Amino acid sequence: MAKKRLYEVAKEMGLPLTELFKLLAQVGVEKHSGFNTLEEGEYQALRELFAPKPKEPTPPAPPPPTPAVELKVEEKVKVEAKKEEEVKERAALLPRPPVVTVLGHVDHGKTTLLDYIRKSRVAQKEVGGITQSIGAYQVEYNGKKITFIDTPGHRAFTQMRQRGAQVTDIAVLVVAADDGVMAQTKEAISPARAANVPIIVALNKMDKREADPDRVKEQLAKEGLTPEEWGGETIVVPISALTGQNVDELLEMILLLAEMADLRADPKKPAEGYIIESYLDRAKGPVATAIIKDGTLHERDVVLAGTAYGRIRTLLDERGRPMKEAPPGSAVQILGLSEVPPAGIRLEVIGDLERAKELASLRQEEEREAKLAKTKLSAMERFQQQLRKAQAKELNLILKADTVGSLEALEGELQRLKVEGIDLVILYAGVGQINENDVLLASSEEKGAVIIGFRVDVDKKIGELAQAQGVVIKRSEIIYELTEWVEELLRSAVAPKFEEVKLGLAEVRAVFNIPRVGVVAGCYVREGLVSRDARVRVLRNGAEVFQGPIRSLRRFDEDVKEVEQGKECGLRIENFNDVRKGDLLEVFILRKLQPA
Ligand code: GDP
């Protein structure tokens, strides 16, 4: 046995997965995202721990511990007790349904799959079925619920991430078995990975004669999604969204991943969630769909979402039926907001209406100011400022080129760039025009990202979107123009370093306190020169007492630029009046170092 599926192990041991995780933690195997198989060694360790052990003779009682040891034990007990508390707190939370997004290349069957699941799992119980989509729906399988976001495509996904919304718990990547991994398949993988959302692959259109699952699995492995059966960790379920073949297995695997992610929430808390869709209805006013991630949303609750607020007038489920409350993991339509909130924005319950109104107007003010500040700087200046402010160690790039060959050439050239203190990270590299996705991916990155286009175009709409999102796009037909630009950007991002260049040394021979002017040091230049534009370090008995720029330099009552060795001068130091006879002044300038 090379690897064993976790849920098989759980089945074999007669344990729920959550219990299995606890046991695994005891043998030092921690849960992580995409974790669904056990290595042979891990499996053995687990079995060993639970195999009946031969009885050992009772060891002699240990000697009483010394006080020092006792203290350590006490500390340990405290830490353990704290851990226990956390476990207990977590145990008090109840499992909630997973929120699933369907991603994939155009025409690979996302809509067909979402429709099939909705029809087969929801509509059969409801005469007439769902009349209108609210952006999400919930299905039940084996007595467990799954919430599907009904806007297929990673556009919605990326747009939400851009606002920092972690709406999705699991991503289903639909790949047509006849067509294989395509540009948008790859594009969908990066945001899901970046958001640390587990990916499950639905290998669709298996009913077609041209279906070639092995070829697709190979392509998936190349993208870092090695199928389980090939020793990887990615669950790949062959399905047909058209006939419904194996869709149940897909639902089962989604529930398995959800169980492994141990999604929990506290239904007693006030609701927290995200807006996933919204519009203005002439009759009803602003209408918004929210996914509740934690807590329960009640009818008549006061909510705040961005700058929209209000007491909920009506809560509707996906079938347009009024509901009293929306539990964790559910999707719900809200009526009664003051304005239409954008998708991806957080929704919170606020104590009272007045307070919500106040917070909304504070936010409005903030947004207005941020907008003003934005228009003053170009996108490039803002990006550089952001990099410097964050003391960024990385510069994120998204590369687009006209052909695979030019893309490789560009990547190769960029990889040769080296600027100390900052690394290049290529978030995504693809062939084709710069599109909306690239812009959204760039703006969803916390540290930002720039888009580099080599021999590709940007259409007007995308250019405007980039500008609105503050995303910098650089494109050219010449590769070196691009690499030079990136190098310049890297250098500008690194905080400049300075080196001291010594100019001279002066000795304070007298101090004059001149009314309304301040303290003037009468100096003799012992070495080099003193320049009006230099800085001085004041040394007293060999130790530095102050450092700062020269404020004025005079010779015989005349302002001068420089005074050379062997001559005398009067000198004032900026912000320093405590200069004394006998002090030595080291004169130097700071020179900006070009980063290596
Ligand atoms: P989307 O762009 O990813 O949402 O793709 P659609 O769901 O619109 O599907 C694109 C086309 O593929 C439609 O004509 C579907 O009928 C077809 N299609 C989707 N799933 C399957 C499948 O499992 N088998 C077959 N034969 N066709 C499918």
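How does Phe512 count at 44% relative accessibility: buried, exposed or partly exposed? The views below come from a predicted model, and the first of them takes up this question.

**View 1. Phe512 and a nonpolar patch on the surface.**
Let us start on the outside. Phe512 sits in strand E24, which covers residues 497-514. With 44% relative accessibility, Phe512 counts as partly exposed, because that class lies between the under 20% of buried residues and the over 50% of exposed ones. Phe512 also has company: together with Ile514 and Val517 it makes up a nonpolar patch on the surface. The accessible area of these three residues together is about 240 Å².

**View 2. The protein chain as a whole.**
Before moving inside, take a step back. The protein chain has 596 residues, and 44% of them count as buried. Its secondary structure comes to 15 helices and 31 strands. About 31,900 Å² of the chain is exposed, with carbon and sulfur atoms supplying 50% of that area. Now look at contacts in the chain between residues with a separation of 6 or more: 72% of them join residues 24 or more positions apart.

**View 3. The largest nonpolar core, with 42 residues.**
In soluble globular proteins, nonpolar side chains tend to be buried together. Here, the largest nonpolar core holds 42 residues, and Leu113, Phe148, Val172, Ile200, Leu250 and Ile254 have the most contacts inside it. Helix H9 (residues 247-261) gives this core its largest share, ten residues. Both domain 1 (1-51) and domain 2 (95-264) contribute at least three residues each to this core. To get a feel for the packing, pick out Val172. Leaving aside neighbours within four places in sequence, Val172 is in contact with Val100, Thr101, Val102, Leu103, Leu113, Ile200, Ala202, Leu250 and Ile254. A second core, separate from this one, has 24 residues, including Leu395, Leu407, Ile422 and Val472.

**View 4. Two loop residues on either side of helix H9.**
Which residues other than glycine have a positive phi here? One is Asn246, with phi near 70°. Asn246 belongs to the loop between strand E9 (236-238) and H9, and it is partly exposed, with a relative accessible area of 33%. Another is Asp262, which is not a glycine but has a positive phi of about 50°. Asp262 is placed in the loop between H9 and strand E10 (264-265). At 15% relative accessibility, Asp262 counts as buried, because buried means under 20%.

**View 5. Ile276 and Ile334, two buried isoleucines.**
Ile276 is in strand E11, residues 272-281. It is buried, with a relative accessible area of 5%. The C-alpha atoms of Ile276 and Ile291 are 6.9 Å apart, while the two residues are 15 residues apart along the chain.
Turn next to Ile334, in strand E18 (residues 331-335). Its relative accessible area is 0%, so Ile334 is buried. Not counting residues up to four places away in sequence, Ile334 touches Pro286, Val287, Ala288, Ala290, Leu297, Ile312, Thr314, Leu315 and Leu347. From Ile334 to Glu299 the C-alpha distance is 9.1 Å, and the two are 35 residues apart in sequence.

**View 6. Salt bridges between side chains.**
How many salt bridges does the count come to? The count is 34, and three of them are picked out here. Lys269 and Glu272 meet through their side chains, with 3.9 Å from N to O. Lys269 is partly exposed at 31% relative accessibility, and Glu272 is partly exposed with a relative accessible area of 27%. Arg346 pairs with Glu348, and their closest N and O atoms are 3.5 Å apart. Arg346 is partly exposed at 32%, and Glu348 counts as partly exposed at 24%.
The third pair is Arg537 and Glu500, whose side chains form a salt bridge with an N to O distance of 2.5 Å. Arg537 lies in strand E26 (residues 535-540) and Glu500 in strand E24, so this pair ties together parts that are 37 residues apart in sequence. Arg537 counts as buried at 11% relative accessibility, whereas Glu500 counts as partly exposed at 42%. Finally, salt bridges with shared partners link Lys269, Glu272, Asp294, Arg346 and Glu348 into one network.

Note on methods:
Residues numbered from 1 in each chain as written. Predicted model: local features only at pLDDT ≥ 70, side-chain atom pairs only at ≥ 80, totals over all residues. Heavy atoms only, no water. Patch = residues over 30% accessible without salt bridge, like charges linked within 9 Å, V, L, I, M, F, W, Y side chains within 5 Å. Areas by Shrake-Rupley, 256 points an atom, 1.4 Å probe, with all protein chains shown as cover. Salt bridge = Lys/Arg side-chain N within 4 Å of Asp/Glu carboxyl O. Helix = DSSP H or I, 4+ residues; strand = E, 2+ residues; numbered from the N terminus. Buried < 20%, exposed > 50% of the residue type's maximum accessible area, 1.4 Å probe, protein only. Core = buried A, V, L, I, M, F, W, Y, C linked by side-chain atoms within 4.5 Å. Domains from an automatic or database assignment. Contact = heavy atoms within 4.5 Å.
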